[in-house]
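Biologist: I am new to this structure and would like to go through it by question and answer. Please show it first.

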Amino acid sequence: MEDGGPVGYAMVCRSGTRGTPVDWYVFWKLLHIASAIVAVGTNLTYFVWLRAMRGRPQPAQSFALETISGLDRRLANPAYMVLPTTGVIMVLISPLGFTTFWIAVAIGLYVLLGVFGGALFVPALRRLAAIVNTEGPDASGYADAVRRVSARGLVTMLPVAGILYLMVFKPTP
């Protein structure tokens, strides 16, 4: 393009063919990055909440677990839903393709993240909440449930770390 924008990126003029071009790729990228910050940042606070609730009385632990669940429903999950939408839009309006190595691997890791979150972390968190709310923190399975939530949370964050690496460094084989 003559106006300095990369070839293939969506540039749109505000008033027909006159005016300053708007680079929609930059807009979608900003939204994509902001969503990633919200999603990942929210997930990282879960470890703080889990650590802070240890040794506290049952009501405080219930509050911490309800807070984690609420953050997941209201912040992390919606932000994780924005990510594939903005990612697909960016691929469609740029010269990149879905077969670009780092994009294809990131998509696979995103699917893996969903599987890990839904099949590992969420059930473990629900089980811990059930133990805390019914039997209390002195229950026999409590310590194992806390370890399970922490371990599964870490496993769930592994694909996130891989995606972040791919998005920042954009490696090619």
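The questions below go from the whole chain to single residues.

Biologist: In what order do the elements of the chain run from the N terminus on?

Modeller: This is a predicted model, so what follows describes a prediction. The secondary structure of the chain comes to four helices and two strands. Read from the N terminus, the order of these elements is β-β-α-α-α-α.

Biologist: What share of the residues of the chain count as buried?

Modeller: A residue counts as buried when its relative accessible area is under 20%. The chain has 173 residues, and the share that count as buried is 34%.

Biologist: Among contacts between residues at least 6 apart in sequence, what percentage join residues at least 24 apart?

Modeller: Contact here means heavy atoms within 4.5 Å. One pair with a wide spacing in sequence is Ala124 and Arg152, 28 residues apart along the chain, and these two are in contact. Among contacts between residues at least 6 apart, the part that joins residues at least 24 apart is 67%.

Biologist: Which helix supplies the largest share of the largest nonpolar core?

Modeller: The largest nonpolar core has 28 residues, and those with the most contacts inside it include Leu50, Met53, Tyr80 and Val149. Helix 1 (24-53), helix 2 (58-92), helix 3 (101-134) and helix 4 (142-169) each supply at least two residues of this core. The largest share, eight residues, comes from helix 3.

Biologist: Which residues does Leu65 contact, leaving aside its neighbours within four places in sequence?

Modeller: Leu65 is among the residues with the most contacts inside the largest nonpolar core. Two others named there, Leu50 and Met53, are also contacts of Leu65. With neighbours within four places left aside, the full set is Leu50, Met53, Leu125, Leu128, Ala129 and Val132.

Biologist: How many residues make up the other core, the one with Val91 and Leu166?

Modeller: This core lies apart from the largest one. Its members include Val91, Ile103, Ala106 and Leu166. Leu166 is also listed with the buried residues of helix 4. The number of residues in this other core is seven.

Biologist: On which residue is the kink in helix 3 centred?

Modeller: Helix 3 has 34 residues and reaches 48 Å from its first C-alpha to its last, close to the expected 50 Å. The helix nevertheless holds a kink of about 35°. The residue at the centre of that kink is Gly117.

Biologist: What distance separates the C-alpha atoms of Ala124 and Arg152?

Modeller: Ala124 lies in helix 3. Because its relative accessible area is 4%, Ala124 counts as buried. Leaving aside neighbours within four places in sequence, Ala124 is in contact with Arg148, Val149 and Arg152. The C-alpha atoms of Ala124 and Arg152 are separated by 7.6 Å.

Biologist: With which side chain does the side chain of Ser62 make a polar contact?

Modeller: Ser62 is in helix 2. At a relative accessible area of 8%, Ser62 is buried. Beyond its neighbours within four places in sequence, Ser62 is in contact with Val132 and Asn133. The polar contact, at 2.4 Å, is with the side chain of Asn133.

Biologist: What covers the buried residues of helix 4?

Modeller: Helix 4 has 28 residues and reaches 41 Å from first C-alpha to last, close to the expected 40 Å. Its buried residues include Tyr142, Val149, Gly153, Pro159 and Ile163. What covers the buried residues of helix 4 includes helix 1, helix 2 and helix 3.

Biologist: Which two residues meet in a salt bridge?

Modeller: Side chains of opposite charge can pair when their charged atoms come close. The count of salt bridges comes to one. Its two residues are three apart in helix 4, so about one helical turn separates them. With an N to O distance of 2.5 Å, the pair is Asp144 and Arg147.

Biologist: Is Arg147 buried or exposed?

Modeller: Asp144, its salt-bridge partner, is partly exposed at 39% relative accessible area. The limit for exposed is over 50%. Because Arg147 has 52% relative accessibility, Arg147 counts as exposed.

Biologist: What is the phi of Lys170?

Modeller: Lys170 follows helix 4 and is partly exposed, with a relative accessible area of 35%. Gly136, which follows helix 3, has a positive phi near 90°. Lys170 is not a glycine, yet its phi is also positive, at about 45°.

Conventions: Residues numbered from 1 in each chain as written. Predicted model: local features only at pLDDT ≥ 70, side-chain atom pairs only at ≥ 80, totals over all residues. Heavy atoms only, no water. Core = buried A, V, L, I, M, F, W, Y, C linked by side-chain atoms within 4.5 Å. Buried < 20%, exposed > 50% of the residue type's maximum accessible area, 1.4 Å probe, protein only. Expected span 1.5 Å × (residues − 1). Bend = angle between axes of the 7 residues up to and from the residue. Polar contact = N/O pair within 3.5 Å; in protein donor to acceptor, adjacent residues only side chain to side chain. Salt bridge = Lys/Arg side-chain N within 4 Å of Asp/Glu carboxyl O.
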